[in-house]
Amino acid sequence: MPDTAMPAPTDSGPIRILLADDHALVRRGVRLILDQQPDLEVVAEAGDGAEAIELARTRDVDLAVLDIAMPRLTGLQAARELAAVRPDLRILMLTMHDNEQYFFQALKAGASGYVLKSVADRDLVAACRAAMRDEPFLYPGAVTALIRNYLDRARRGQEDPDHILTPREEEVLKLVAEGHSSKEIADLLFISIKTVQRHRANLLQKLGLRDRLDLTRYAIRAGLIEP
């Protein structure tokens, strides 16, 4: 059963949603699903990816629900742009395609989840709430795709993403996550502050993260520190 627990409401009330789909009938149906929930409210609608980006720049929205296949800019293209210009904005992909390639592209584009239109009435509300809790939402077929992808990579001997860091980078990551300053880390590891700062920049780039908080969360997931 999907987790339907509500996240804490935003300061201004319900979660404000931007909905983008080039079919007005689909938007109407999705909006009915979302607006029935007391913690969710569609405050803006777009008919294509370019319009979605413009609305996200000018409207106060917390979450974008984007159809993958749209004219001018696709949902995937819009997601990549929104992840760059509005890193605080959560993104969900809505699609009729149960397609592994689209699914992995959506994750790379910065989406928190991938919801099939055929089961939107069952999954979309839970996916919106999960996204606002910074949790991924994966439908059962997506979980299968992730496991298959992992096993395929392991069979081919490709590097596990969990082991892309050097031992020194792991040391720096652990100390950053424990709250040490750059000077303290430099003293502990007998390296210069500039070297510590370079390692931190490399960590953020390699892991696709933004700040110390993200690094701390990653360190907890990787088992480097206790939660």
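Which residue in β5 does L94 stand opposite? In this model, that residue is V115. The model is a predicted one, with pLDDT of at least 70 needed for local features and 80 or more for side-chain atom pairs, while totals for chains, interfaces and linings use all residues. Numbering starts from 1 along each chain as its sequence is written, and side-chain values use heavy atoms, with hydrogens and water left out.

Zooming out, β4 (residues 90-95) and β5 (residues 113-116) run parallel and share four bridges. Strands here are DSSP E runs of at least two residues, helices are H or I runs of at least four, both numbered from the N terminus, and a pair needs at least two DSSP bridges. The whole open sheet has six strands, ordered β2-β1-β3-β4-β5-β6, with parallel pairing. At its edges sit β2 (40-46) and β6 (137-138), each paired on one side only.

Helix α1 (residues 24-35) packs on this sheet and touches β1 (15-20), β2 and β4, its direction making about 160 degrees with that of β2. Contact means heavy atoms within 4.5 Å; axes are lines fitted to C-alpha atoms, for helices over the stretch in contact, with angles from 0 to 180 degrees between N-to-C directions.

As for the inside, the largest nonpolar core (buried Ala, Val, Leu, Ile, Met, Phe, Trp, Tyr and Cys joined through side-chain atoms within 4.5 Å; buried is under 20% relative accessible area, 1.4 Å probe, protein chains only) has 27 residues. L18, L66, L82, I91, M93 and Y114 touch the most other members. Beyond four places in sequence, the contacts of L66 include A20, A52, L82 and I91. A second, separate core holds 23 residues, among them I15, L19, L34 and A131.

Technical notes
Buried < 20%, exposed > 50% of the residue type's maximum accessible area, 1.4 Å probe, protein only.
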